[in-house]
Amino acid sequence: MNSRPEAWLHQARNDLALARLARDNGFLAQACYFASQAAEKSLKGALLELGIEPPHTHVLHDLVQQLDQAGLDTHALQALPLRRLSRMAIQSRYPMDATPPADLFDPGDADQALTIASQVLELVEALDS
């Protein structure tokens, strides 16, 4: 793996660690946000490894589609609930009504986000094996 994609994966691992730290300290919206960032950066790192400049998007499904179009087997990635994690990227940062994001997420949401992001990172790392 060349240095630029590896930098993205390193940052993905760092974001995932921060998501765990946030969850463990009760910052559930932030845990969901950083989990989504970890998954996004993992997928963008995979695209970069293929020589594809990743688009400016937070939609994980779109990134997986690009990997699929590049010829990678993305069945395992497509089986994950990526749309839920993509929505968390926005819902965890911006109030959509009178409810702040800090009040929208529970421990189950944070655990789900961390599980999905961990699986994305593991699958992307396995692509390089």
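This report describes how two helices pack, how one helix is covered, and where three single residues sit.

The model is predicted; local features need pLDDT of at least 70, side-chain atom pairs count only at pLDDT 80 or more, and totals for chains, interfaces and linings use all residues. Residues are numbered from 1 along each chain as its sequence is written, and side-chain values use heavy atoms, with hydrogens and water left out.

**Helices α2 and α3**

Helices are DSSP runs (H or I, at least four residues) numbered from the N terminus. Helix α2 covers residues 28–49 and helix α3 residues 60–69; their axes come within 10 Å and cross at roughly 20 degrees. Axes here are lines fitted to C-alpha atoms over the stretch in contact, and angles run from 0 to 180 degrees between N-to-C directions. The two helices α2 and α3 are therefore roughly parallel (angles under 35 degrees). The crossing of α2 past α3 is left-handed, that is, the near helix is turned anticlockwise from the far one by less than a right angle.

On the α2 side the contact (heavy atoms within 4.5 Å) is made by S36, A39, E40, L43, K44, A46 and L47, and on the α3 side by L60, L63, V64, Q66 and L67. These residues divide into 8 nonpolar, 2 polar and 2 charged. Here Ala, Val, Leu, Ile, Met, Phe, Trp, Tyr, Cys and Pro count as nonpolar, Asp, Glu, Lys and Arg as charged, and the others, Gly among them, as polar.

**Three residues**

Buried means under 20% relative accessible area, exposed over 50%, and partly exposed in between (1.4 Å probe, protein chains only). The contacts in the table do not count residues up to four places away in sequence.

| Residue | Place | Relative accessible area | Touches |
|---|---|---|---|
| D15 | helix α1 (residues 3–24) | 3%, buried | F34, Q37, A38, K41 |
| T57 | loop between α2 and α3 | 14%, buried | E40, K44, D62, L63 |
| R84 | helix α5 (residues 82–91) | 23%, partly exposed | Q91, D109, Q112 |

D15 and Y33 are 18 residues apart along the chain, and their C-alpha atoms are separated by 9.2 Å. For R84 and P101, 17 residues apart along the chain, the C-alpha separation is 15 Å.

**Helix α5**

In α5, L82, L85, S86, M88 and A89 are buried. They cover an arc of only 155 degrees around the axis, so they lie on the same side of α5; the arc is that of the directions from the helix axis to the C-beta atoms. What covers the buried residues of α5 includes α2, α3, α4 (75–78) and α6 (107–127).

Terms used
Parallel < 35°, antiparallel > 145°, perpendicular 65-115°, else oblique.
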